[in-house]
Amino acid sequence: MSDSSSDQTLGFSTRALHAGQDPDPTTGAVVTPIYQTSTYKQDGIGGFRGGYEYSRSANPTRTALETGFAALEGGERGFAFASGLAAEDTVLRALLSPGDHVVVPSDAYGGTYRLFNKVLKHWGVEHSIAAIADNDAVRAAIQPGRTRVVWVETPTNPMLGIADITALAEITHEAGALLVVDNTFASPYLQQPLALGADIVLHSTTKYCGGHSDVVGGAVVVAHGVTVPWFDGESASDRVAFHQNSMGAVAGPFDSWVVQRGLKTLAIRMERHCDNAEKIVEFLQGHDGVTAVHYPGLPDHPGHEVASRQMKRFGGMVAFRVKGGEDVAVKVCAETQIWTLGESLGGVESLIEHPGRMTHASVAGTELEVPSDLIRLSVGIEDVEDLIADLKQALDRLT
């Protein structure tokens with residue numbers, strides 16, 4: 001990669017198209033090759049060509065993606081994983097030890113909470129739950145000397161809550177902890193957590209970064225110069241790199257290539273996602289069967305002012321509640337024709353789901369339980385008039 005391609009003065013799309021993606025030196029191919037190999041010929045014992053020894057440790061296709069992610073998020077080093085949860089687990093194992101404590105959002109992705117509550121808890125890592133939009137609540141949840149990480153989603157999944165990244169970074173750093181931000185809902189295009197004071201940012205690249213519902217992956221970017229005081233001031237990047245290699249849940253060459261291809265069109269896709277979402281929100285606000293609409297772009301959203309400061313636009317995710325409760329919400333999800341009933345989000349096609357029974361079923365009965373009448377939309381890039389008409393027929397029929 002040429003140094004100039006990751007220059008932060010260059011525009012987002014320029015970096016997305018060029019960072020880590022110099023033409024192939026052998027053939028001149030302008031697209032990064034898929035190095036579908038497990039191992040590499042050594043020029044004598046320890047004589048690695050370009051530093052490549054074994055593809056769990058490093059692979060040129062993955063390196064290109066990781067370099068690109070670091071450039072897009074403005075970080076020191078990027079890492080690509082086999083899934084978003086693999087990225088989360090690796091970061092947490094790199095930063096924590098048994099007996100440590102983490103602050104977790106009261107509105108978080110169900111899989112993330114399951115990782116804390118069902119996996120890390122048995123490893124001896126404890127957590128407290130706090131309303132991530134309430135800075136005082138986060139401060140109160142921190143346990144001095146024990147809290148190592150404050151975990152943030154913004155916007156949150158599925159209620160579209162907004163956390164003030166800059167304020168939380170100050171609170172976290174005052175406590176000697178690190179701020180980790182899940183940037184999946186916003187994508188690197190709409191939000192830059194590291195520039196706002198976060199220490200580590202991560203993504204499920206399955207979502208907007210891949211963008212076409214054809215890959216599962218995760219990514220982590222560490223800010224410049226971040227150290228881990230409770231591990232003798234070791235570099236956070238070095239610790240994540242060590243655990244990535246040791247735990248092995250890395251992105252394969254083809255999946256890395258697919259995500260890298262998705263990043264090239266991220267900017268133009270996100271603009272269309274946002275355009276469509278805004279019109280969907282306007283329609284939902286005017287429908288008698290809808291009792292509440294959650295979208296940070298609305299002036300009356302409690303996080304609107306913060307989102308306006310730290311996001312380029314307000315994203316393609318929308319949540320709303322309906323009259324008639326859970327039964328009606330479930331039926332609306334089943335009645336759409338263009339909106340696909342399915343989990344995940346961030347693809348070019350529009351998805352509809354019932355979080356209480358689908359993506360957030362694992363938090364039922366906990367403090368993170370979501371309203372039973374809630375419907376979550378991942379607004380795609382179809383013609384928005386068709387999306388609205390499809391929602392309208394489903395809502396009119398059932399509400």
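Biologist: Where does proline 158 lie?

Modeller: Proline 158 is in the loop between strand 4 and helix 6; helices (H or I, at least four residues) and strands (E, at least two) are DSSP runs, numbered from the N terminus. This is a predicted model, in which local features need pLDDT of at least 70, side-chain atom pairs count only at pLDDT 80 or more, and totals for chains, interfaces and linings use all residues. Residues are numbered from 1 along each chain as its sequence is written, and side-chain values use heavy atoms, with hydrogens and water left out.

Biologist: What is the peptide bond from asparagine 157 to proline 158 like, cis or trans?

Modeller: That bond is cis, with omega near 15°. Threonine 154 and proline 155 are also joined by a cis peptide bond, with omega about -10°. Proline 155 sits in the loop between strand 4 (147–153) and helix 6 (165–174). Most peptide bonds are trans.

Biologist: Why is serine 187 called buried or exposed?

Modeller: Buried means under 20% relative accessible area, exposed over 50%, and partly exposed in between (1.4 Å probe, protein chains only). Serine 187 has a relative accessible area of 0%, so it is buried. Serine 187 is found in helix 7 (residues 187–190), and its phi is positive, near 75°.

Biologist: And what makes aspartate 232 buried or exposed?

Modeller: Aspartate 232 has a relative accessible area of 76%, so it counts as exposed. Its phi is positive too, about 55°, although it is not a glycine. You will find aspartate 232 in the loop between strand 8 (227–228) and strand 9 (234–235).
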